[in-house]
Amino acid sequence: MKLPPITAFTLATLLLISFSLFADNIEIKIAKNYLNFPVSHKQDRAKMTFQVAGKPDVSVVVRLASGEADYWVFKDVSDLIGKTIKISYEGDSAGLRKIYQDDVIAGHDSLYKEKNRPRFHFTTRRGWINDPNGLVYHNGEYHLFYQHNPYEKEWENMHWGHAVSPDLVHWRELPVALFPDELGTMFSGSAVIDHANTAGYNQGDSAAMIVAYTAAGPEKQVQCIAYSLDNGRTFTKYNGNPVIDSKQKWNSPDTRDPKVFWYKPGNHWVMVLNERDGHSIYTSANLKDWNYQSHVTGFWECPELFELPIDGDPQRTKWVMYGASGTYMIGSFDGNAFKPESGKHRYVTGSIYAAQTFTDMPDNRRVQIGWGRISHPGMPFNGMMLLPTELTLRTTKDGPRLFNRPVKEIEQLCTPVNQWKNLTSDRANELLNGFENADRLRIRTTLKLSHATNAGLNLFGQRIVDYDLNPNTLNGVFYSPEDMTSMELSADIYIDQTSIEVFIDDGAYAYSMERKPESDNKEGFHFWGNSIQVTNLEVSYVQSIWK
């Protein structure tokens, strides 16, 4: 990555900066789109405050490099051009002298082409990301908000980052949507479109996008709302925040992650909120005044509650409730209380956490995106979003269960290379020779066991699929196929720069993992298992989503 040193500034750039330096603060008249900051993990974090006339102060903690930078991060100041920003820092003030403004971010020449940048999963340009937030479709755009630390590749300073997509696949990162304030940092939440103007923010035919989020202070976590009238580009926080303050009720600071949706039969809003030991249900007519209704124990963080038809039949539906870990219950919901009928069940494991589903989908699909807890060695960013998947309820031998498959839009990225049928494992390994060094692959395969009790597929020794019929485990997790006597297992595998996602038996179970770097093992792709048959093998290249 080419990082421009201070000595490389042009005279023209310097003339555009009105720059005054004191002991621990600087003032910069903004003439460019970005401020670039050097970061060093040898430095301790110290408080930095941004002050602009007419705007609330924003404070964060930053490892501002006083010497050589490990990497550079940025602050989008395109909305402040012509204004003066004052930056105060309580750490080594030598780092303040390295801050500079430009119309591009430091390292832009290699952006989205870095060695360990995922090519078909969303990652932020710089910094840390975790939980997806505010997933909503509005005016032709899918919105992905997310937990974000813009100033470091580790967790801190929670903001809401923002990206949009026309197709759930190709994403464009936008400026930060929500900033920390006097109530706390911006923890997880959700977004809705207020079609009926229940909160009173709509203008003409333009329906407000309203986000519900947790403000996390040092003593408690409270629930707040904000609205946008420009398709989520900017938000105004409700001056009556917080709308829920329940620490005293639960004798716990753990009250967070509101998921809000419209309950049509009751003509009211529903909020599912994680409180202490489970998920609480609140209701509201206007998104501002909320009434507690009920509580379901046994979940932790990032609640979800939604209705799905069984086998696509709209006359037969069930409600699904889940938490951040991916375990779920199936039951009924009357607008005030969820009644569990079965569970807990599991449909996904691995790196995924804090998955959320979209509201206001134009085709009524239930589409989910989860946070992939995966790092990217040597990169100035951390974390990723896993592939968007469609959730369905299907009848199984054990009753209705969630199935989870990549959305159909992913197909546009896949270019088929070849397909083979009824192979020995040796022949399949020969055919896969040479693909092991590809950056991006999709492999669909079906294994049939006969003499073996266990079999699978490796990549440089990393077990992508490790199926053992004896204890019925798949990569160490119990899995029993629909036909409990079946000797076959199918897998749809997506391999990116730093991650691997696997969807088993048409989405009955899924898992993800970090793609390990090449080791001394040189075998590449390798099917293993005594006398197994590869009854189907399809290989496709996967295009990058970045332009």
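Let me start with one residue: Arg256 is buried, with a relative accessible area of 7%. Before going further, note that this is a predicted model.

Arg256 has a partner. Its side chain forms a salt bridge with Glu301, and the closest N and O atoms are 2.7 Å apart. Where do Arg256 and Glu301 lie? Arg256 is in strand 17, residues 255–263, while Glu301 is in the loop between strand 20 (291–297) and strand 21 (304–310). They are 45 residues apart in sequence, so the salt bridge ties those parts together. Glu301 has a relative accessible area of 15%, and it counts as buried because the cut-off is under 20%.

That is one bridge. How many salt bridges does the structure hold? The number is 23. I will go through a few of them.

Next, Lys318 and Glu341. Their side chains meet in a salt bridge at 2.8 Å, N to O. Lys318 belongs to strand 22, residues 313–322, and Glu341 to strand 24, residues 338–346, so this pair ties together parts 23 residues apart in sequence. Are these two residues buried or partly exposed? Lys318 is at 25% relative accessibility and counts as partly exposed. Glu341, with a relative accessible area of 44%, is partly exposed as well.

The third example is Asp492 with Arg442, a salt bridge at 2.9 Å, N to O. Asp492 sits in strand 38, residues 488–495, and Arg442 in strand 33, residues 441–448; the pair links distant parts of the chain, 50 residues apart. Here we are back to buried residues: Asp492 has a relative accessible area of 12%, and Arg442 is at 7% relative accessibility.

Salt bridges can also join up. Arg45, Arg63 and Glu152 are linked in a network of them.

Now to the aromatic rings. A search of the whole structure finds 33 aromatic pairs. Take Tyr34 and Phe74. Why is this pair called edge-to-face? The ring centres are 5.4 Å apart and the planes stand at 85 degrees, so the pair is edge-to-face; the angle has to be over 60 for that. Tyr34 is in strand 3, residues 34–39, and Phe74 is in strand 6, residues 71–76, so to speak of the chain, the pair links distant parts of it, 40 residues apart. Tyr34 and Phe74 are both buried.

A second edge-to-face pair is Trp160 with Tyr213, at 6.4 Å centre to centre and 70 degrees between the planes. This one links strand 11 (residues 159–165), which holds Trp160, to strand 14 (residues 209–216), which holds Tyr213; the two residues are 53 apart along the chain. Trp160 is at 0% relative accessibility and counts as buried. Tyr213 is also at 0% relative accessibility, and counts as buried too.

Beyond pairs, there is a cluster to look at on the structure. Which residues form it? Tyr112, Phe122, Tyr146, Trp171 and Trp546 form one aromatic cluster.

Last, charges and rings together. The charged end of Lys344 sits over the ring of Phe299, 4.9 Å from the ring centre. Arg463 lies over the face of Trp528, and there the distance to the ring centre is 4.0 Å.

To go back to where we began: Arg256 is buried, and its salt bridge is with Glu301. That is the end of my part.

Definitions and conventions:
Residues are numbered from 1 along each chain as its sequence is written. This is a predicted model: local features need pLDDT of at least 70, side-chain atom pairs count only at pLDDT 80 or more; totals for chains, interfaces and linings use all residues. Side-chain values use heavy atoms; hydrogens and water are left out. Rings of Phe, Tyr and Trp (its six-membered ring) pair if their centres lie within 6.5 Å; planes under 30 degrees apart count as stacked, over 60 as edge-to-face and the rest as tilted. Helices (H or I, at least four residues) and strands (E, at least two) are DSSP runs, numbered from the N terminus. Buried means under 20% relative accessible area, exposed over 50%, partly exposed in between (1.4 Å probe, protein chains only). A charge sits over a ring if NZ of Lys or CZ of Arg is within 6 Å of the ring centre and within 35 degrees of the ring normal. A salt bridge is a side-chain nitrogen of Lys or Arg within 4 Å of a carboxyl oxygen of Asp or Glu.
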